[in-house]
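Grab a pencil and work through a few short exercises. Each one sets a task and then walks you through a solution.

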Amino acid sequence: MTDHIARLHSRALIRVEGPDARPFLHNLLTQDVETLNPGQVRFGALLSPPGRLLFDVFLWGEDNAVVLDVAAASRDALMARLSMYRLRAQVHITADQRPVFASWPGVAEGFVADPRLAALGGRALAEHAPTADEEAWDAHRLAIGVPDPTRDGGHDARYPIEANFDLLNGIDFRKGCFVGQETTSRMKRRGEIKKRMLPLTFDGPPPPEGTEVLNGELRAGEVLTGRDGGAIALMRLDRLEGTLTVEGRGVVVRIPGWMSNQ
């Protein structure tokens with residue numbers, strides 16, 4: 001099967017370079033940056049001190065820098081947040097104008113495997129000839145059941161584990177301190193995970209963002225974003241069993257294979 005290739009216009013890049021670039025980011029982000037080699041890519045996040053998700057990032061290792069692949073709408077805000085943390089660190093933070101591309105279902109030539117899940121395909125930071133658009137890529141992601149915290153309802157009041165970062169290689173629990181580490185580690189260690197982003201299936205168009213998912217008369221979750229036949233929803237894990245409805249329509253929570261195998 002020929003791989004599809006699409007430019008992800010919703011993503012943008014930040015370049016962090018200088019002698020302190022890796023330790024600076026390592027102490028902030030949920031992912032191990034110290035061991036990130038040139039040519040490698042990892043997935044992670046910058047959290048608030050209480051442990052809530054602020055920015056999801058892909059980290060690209062280069063010889064003298066780390067490049068952050070972030071939501072385009074959030075690039076300026078993330079650059080400002082990094083500058084706030086910089087203090088005396090010898091780092092230079094600039095916008096990188098290269099494009100972001102995705103390939104699927106496989107890793108096309110010139111691409112690197114998506115660090116979250118092999119089924120997602122690959123990513124690249126160079127020009128390629130597109131054969132599809134970003135909507136097609138998003139449909140592929142939704143079919144696999146992987147949430148995109150930025151597209152699927154934003155980051156408001158989300159913990160990274162609710163967006164499945166712990167199941168998608170987005171948190172290195174062995175690396176030591178990072179911003180928000182205490183809350184994140186406690187949730188994982190004690191099993192205090194009450195909600196997760198999960199795919200829903202249904203007939204017809206997606207309900208509006210924020211629509212309640214009901215289990216009988218009890219609130220079981222809320223719809224985030226989707227398309228005809230499916231959506232991502234933030235669901236209470238203790239209310240998945242039973243008859244689920246959205247605006248009177250029957251819906252089904254689909255537990256993806258990659259999640260059930262964890």
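**Exercise 1. Place V252 in the fold and find what surrounds it.**

Start with its element: V252 sits in strand β15, residues 249-253. Strands here are DSSP runs of E with at least two residues, helices are runs of H or I with at least four, and both are numbered from the N terminus. Before going on, note that this is a predicted model, where local features need pLDDT of at least 70, side-chain atom pairs count only at pLDDT 80 or more, and totals for chains, interfaces and linings use all residues. Residues are numbered from 1 along each chain as its sequence is written, and side-chain values use heavy atoms, with hydrogens and water left out.

Next, look for contacts, meaning heavy atoms within 4.5 Å. Setting aside neighbours within four places in sequence, V252 touches P199, L200 and T201. Finally, check a distance: L240 is twelve residues from V252 along the chain, and their C-alpha atoms are 8.9 Å apart.

**Exercise 2. Trace the sheet that holds β15.**

Follow the strands in order: β10-β13-β12-β11-β14-β15, six of them, close into a barrel with antiparallel pairing. Two strands count as paired if DSSP finds at least two bridges between them. On average, neighbouring strands in this sheet are turned by 40° against each other, direction ignored.

Now zoom in on one pair. β11 (residues 212-215) and β14 (residues 244-246) are joined antiparallel by two bridges, and L214 has T245 of β14 as its bridge partner.

**Exercise 3. Which strands form the open sheet, and what is the order?**

The order is β1-β7-β9-β8, four strands with antiparallel pairing. Check the ends: β1 (4-7) and β8 (112-113) each have a single partner strand, so one side of each lacks a neighbour in the sheet. Then count bridges: four of them join β1 to β7 (residues 101-104). Within β7, W104 stands opposite H4.

Add a helix to the picture. α3 lies across β1, β7 and β9 (122-124), at about 55° to β7. Such angles run from 0 to 180 degrees between N-to-C directions, using axes fitted to C-alpha atoms, for helices over the stretch in contact.

**Exercise 4. Compare the chain with a compact globule.**

Count elements to begin: five helices and 15 strands. A compact globule of 262 residues would have a radius of gyration near 18 Å, and the chain's 19 Å agrees. That radius is taken over C-alpha atoms, and the globule rule is 2.2 Å times the number of residues to the power 0.38. As a last step, picture the box filled by the C-alpha atoms: roughly 55 × 45 × 30 Å along the principal axes.
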